[in-house]
Amino acid sequence: MGEKVVAGGFDLSDRQRYRRKLHECLEGLERLLAEKRFDRPKNMMGLEIELNLAGPDGLPRMVNAQVLERIASSDFQTELGMFNLEVNILPHRLGGRVFDQLTEELSTGLGYAHRQAADIDAGVVMIGILPTLTQDDVVSANLSAVDRYSLLNEQILMLRGEDFTLDIEGVERLRCTSGSIVPEAACTSVQLHLQVTPNRFADLWNAAQCVAAAQIAVGANSPFLFGRELWRESRPPLFTQATDTRPPELQAQGVRPRTWFGERWVDSAYELFAENVRYFPALLPICDEEEPLGVLADGGIPSLQELVLHNGTVYRWNRPVYGVADGVPHLRVENRVLPAGPTVADVVANAAFYYGLVRTLADEPRPVWTRMPFAEAEANFDAACRYGIDARLRWPRRGRAGGLASVPAVRLVLDELLPMAAAGLDAWGIEPADRDHYLGIIEERCRRRVNGATWQVDAYRAALASGLDRAGALAATTRRYSELMHKGDPVHTWPSGLR
């Protein structure tokens, strides 16, 4: 639903009916939770990766429809921009050698997609933001030909009532305007799903919020946007500003942005869904024929389509997800923090770090979120995005003294978080060989202080020093990155510069 609608406006009755259906969906969710109708623990995880398309020259190629036609696989789907694709991996049970299985499946799928794209002078690049993108690339004409995207663009612009202003100050400053949401398409991410029971949801969501900063610190891979060097992970500020339905007056009044970290720890999944309905107007008021309360009254399981659609237009970095599989409802935590890339090995290592760490933190008798104000977790996230692997993070001290200490992210990861992640992977039943290999990639990034962002910046500066201009240096960096990405060795092993 939403993918098959015809682009066009909505009248007042559409919005009123949709609002009624949203509240009925919330009531339905509340009843399902009270009646304990949700799936039993299955330790299921899922993975999605957004991708860029670029030519041999390193420049973006607006050919996703043609590439998808050649790939001819339901595992690959369109994304917002014509230079984007998305690949979805079927759910896997956490345990055994699952990370090696993911590596094999991703390598095979991405290799196939890359070969199909090569037939039309393009290629797959797995990177947070393609360094060679320009403002001229992210215009309405390059919006993918899917009605849902056209509707989303139209409705966000209507709510905002004026052009978007992008203003990001990092190593350099970028300030520009856009008449569409297409700049959002510059952000390509990895989404990690974890199916959870209702009783475990809050602990795992809170844990995911706590570790978001550490994920970004070790995994940052988006230092450039529109020819400027900005934050080490520039996706969050870009995504926030490119989807902002608030004109400046509403921003000044403290109205919440649709892309946000959140504002508190939670006690249930229901709270997050209810917040999304309470704080954010509908962007796509498209009603399904299902009457959720009627379905429940008849003993069935409602799909809650209006709630699901609305939830997908509120861009939390850790998002609650409701789904139905084989007639049984389930809940998932969707982690949307990480950028794509640099390699399949790096993506799977990031996944292993995340799944292991949230398991341990959620199991702790005195959880970290009871010892750290939510505002500190949000400040950590901001610091990690700005400074990447060089960030300092605030974290609870060990022992009885309590309080928070400011520590280098690499020391926090090496001394505390990696051992926690290892224990969590053991608790999931991951084989030691998988555990040690993939967490070892995270460890080496920290020891060498190298991730995708640091490699890109070093390569770019080396290209400038060789005499290339800014555009040439970014293109050279992208070409070399793509070459090494497809070779597949983890980024901490990549030669520095353009060698």
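This passage looks at one strand pair and at a handful of salt bridges in the structure. The model is a predicted one, and everything below should be read with that in mind.

A good place to start is strand E12, which covers residues 318-325. Six of its eight residues are buried, so the strand is largely enclosed by the rest of the structure. Its partner is strand E13, made up of residues 328-339. The two run antiparallel and are joined by eight bridges. Across this pairing, Arg319 sits opposite Glu334 of E13. E12 and E13 form a hairpin with two residues between the strands. In that hairpin, Asp326 has a positive phi, near 55 degrees.

Next come the charged side chains. Side chains of opposite charge can pair when their charged atoms come close. Searching the whole structure turns up 35 salt bridges, and a few of them are picked out here.

One of these joins Asp363 to Arg200, with an N to O distance of 2.8 Å. Asp363 belongs to helix H11 (residues 344-363) while Arg200 belongs to helix H5 (residues 198-219), so this contact ties together parts that lie 163 residues apart in sequence. Neither end is hidden away: Asp363 is partly exposed, at a relative accessible area of 38%, and Arg200 is also partly exposed, at 26%.

Asp363 has a further salt bridge, this time with Arg359, at 2.9 Å from N to O. Here both residues are in helix H11, four residues apart, or about one turn of the helix. What is the relative accessibility of Arg359, and is the residue buried or exposed? The value is 18%, and since buried means under 20% relative accessible area, Arg359 counts as buried. Asp363 thus takes part in a bridge to Arg200 in helix H5 as well as in one within H11.

Another salt bridge brings together the side chains of Glu271 and Arg264, again given as N to O, at 2.8 Å. Glu271 is buried, with 17% relative accessibility, whereas Arg264 is partly exposed at 32%. This pair does not stand by itself, though. Which residues make up the network that Arg264 and Glu271 are linked in? The network of salt bridges also takes in Glu275 and Arg316, alongside Arg264 and Glu271.

Technical notes
Residues numbered from 1 in each chain as written. Predicted model: local features only at pLDDT ≥ 70, side-chain atom pairs only at ≥ 80, totals over all residues. Heavy atoms only, no water. Buried < 20%, exposed > 50% of the residue type's maximum accessible area, 1.4 Å probe, protein only. Pairing = 2+ DSSP bridges. Salt bridge = Lys/Arg side-chain N within 4 Å of Asp/Glu carboxyl O.
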